[in-house]
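This report describes the fold of one protein chain. Please look through the sequence and the structure before reading on.

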Amino acid sequence: MISPITSISGKNNLAFRAKPEGESNEQINKEDELLDCGIVTKSKIAMDKFTKAFTIYPAKGLAGSKNSNFYEFLTMGTVPYIVGSVMLMSIFNSVNPSFLPFDKVAASRKLGNKMALGVLFYALFKEVSKLFITYPVKWKTGIDTELPYRKVNYLLKENESDDSTSIEYHKVGESVDFTRWDLLYAKPEDNKPLNYRYDKIAKKNGFGENLNDSDQEVKPIYKEVLIKSKLAKSISSFMWAATGVALAFQKPWENYFNVATLKFWKGREFAHSLKVFGQSFVDSAKSLYKGDPDAVTKIGKHSGKLVIGAAALTTVLGLLNTFHITKKPSNVTGQEMLNPNKESVVG
């Protein structure tokens, strides 16, 4: 078995740097840490990245900080997306005062509100649909392609009051070529076998148990699953996003717009608004599936079915392709490999 490089204390992820004055040993020994994949953890990560994208990271960039990096640049990609979405949602609603009263209501409810809902559903369906790939792949192969970890960056000191470290959130399989294999090994404090995570994946995929080098057996199929699942998510998520936009433009949503309110302190009105939202969602889904009966062409009548079917089909095909692992071990046993009647080995 090839063991990961560890420090004298048995911890991974060595960091070599000088100790600044006044900094404790505990601060220096900070290391990258694997996180659980629960909804609470992922929510905290999303909120942390969202907040910093609008505050800390832009300030560092505008100030020309030498500690600004590509991770911060990518995280700030949410800023133009959200600003652009808000502008798109306000385009049709901002001109309402120029309409006559009747036309104003029609323009707002029939187009402006549906445009706003379409933007929200695009983002929501795009992200949620990735779970249609992530969880089935995890259940089938034992590989969590979205497994998060916290990365500790040691910063160059620009001012005396600056922090010595910054925290970034990444995924173990974020890079296929530079997968963080070291984080999948057990730590001494875990009181578990070094390869216990690899052992589980190996058993799940038919490699057997009690392997000497389960990590080396698993890594090739881990990479294959990462590549195929990323492709599946890229294609299916955009198809589901298109489905979300189509759903937002269905007529039943007008019932919700008539009673919609965000004033949660008005309990009864807000609860009624949520109830109507749920019913409008169901009715709109049915409307999308049934299609427009007044459409001239057959494609127009069945366009909803085509959009939903295409999204579902790309998801299923993506899963089947991901489940088809080509780097699994052969079913031929050791005795079958050796033919006692011949000097050669059976290939």
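The text below goes from the whole chain to its sheet, its cores and its surface.

**Overall picture**

The model is a predicted one. Its protein chain contains 14 helices and three strands. Of its 347 residues, 33% count as buried. Among contacts in the chain with a separation of 6 or more, 63% are between residues 24 or more positions apart. The chain exposes about 21900 Å², and carbon and sulfur atoms supply 62% of that area.

**The sheet**

The three strands make an open sheet in the order β1-β2-β3, with antiparallel pairing. Strands β1 (33-34) and β3 (165-171) stand at the edges; each has a single partner strand, so one side of each is left without a neighbour in the sheet. Between β1 and β2 (residues 148-154), the antiparallel pairing runs over two bridges. Glu 33 has Arg 150 of β2 as its bridge partner.

**The largest core**

The largest nonpolar core consists of 24 residues. Leu 34, Val 172, Leu 184, Tyr 198, Ile 201, Val 218 and Tyr 222 have the most contacts inside this core. At least two core residues come from each of α7, α8 and α9. Helix α9 gives the most, with six residues. Another core, of ten residues, lies apart from this one; Phe 125, Ala 248, Tyr 256 and Phe 257 are among its members.

Two residues of the largest core can be followed further. Val 172 sits in the loop between β3 and α8. How far apart are Val 172 and Leu 35 in sequence and in space? They are separated by 137 residues in sequence and by 9.9 Å in space, C-alpha to C-alpha.

The table lists the contacts of Val 172 and Tyr 198, leaving aside neighbours within four places in sequence.

| Residue | Residues in contact |
|---|---|
| Val 172 | Leu 34, Leu 147, Tyr 149, Thr 179, Arg 180, Leu 183, Leu 184, Tyr 222 |
| Tyr 198 | Trp 181, Leu 184, Tyr 185, Ser 214, Asp 215, Val 218, Lys 219 |

Leu 184 is in the list for Val 172 and also in the list for Tyr 198.

**Helix α8**

Helix α8 covers residues 196-204, and its buried residues are Tyr 196, Tyr 198, Ile 201 and Ala 202. What covers these buried residues? The cover includes α7 (131-141) and α9 (214-248). Just after α8, Gly 206 takes a positive phi of about 80°.

**The surface patch**

On the surface, a nonpolar patch is formed by Leu 124, Val 128, Leu 131, Phe 132, Tyr 135 and Trp 139, which together have about 570 Å² of accessible area. The elements that give two or more residues to the patch are α6 (101-128) and α7. The largest share, four residues, comes from α7. Helix α7 thus appears both in this patch and in the cover of the buried residues of α8.

**Buried or exposed**

Why does Val 172 count as buried? The relative accessible area of Val 172 is 1%, and buried means under 20%, so Val 172 falls in the buried class. Leu 131 lies in helix α7. Its relative accessible area is 37%. Partly exposed is the class between under 20% and over 50%, so Leu 131 is partly exposed.

Technical notes: Residues are numbered from 1 along each chain as its sequence is written. This is a predicted model: local features need pLDDT of at least 70, side-chain atom pairs count only at pLDDT 80 or more; totals for chains, interfaces and linings use all residues. Side-chain values use heavy atoms; hydrogens and water are left out. Buried means under 20% relative accessible area, exposed over 50%, partly exposed in between (1.4 Å probe, protein chains only). Contact means heavy atoms within 4.5 Å. Patches are made of residues with over 30% relative accessible area and no salt bridge: like charges are joined within 9 Å, nonpolar side chains (Val, Leu, Ile, Met, Phe, Trp, Tyr) within 5 Å. Accessible areas come from the Shrake-Rupley method with a 1.4 Å probe; for residues, only the protein chains shown count as cover. A salt bridge is a side-chain nitrogen of Lys or Arg within 4 Å of a carboxyl oxygen of Asp or Glu. Two strands pair if DSSP finds at least two bridges between them. A nonpolar core is a set of buried Ala, Val, Leu, Ile, Met, Phe, Trp, Tyr and Cys residues joined through side-chain atoms within 4.5 Å.
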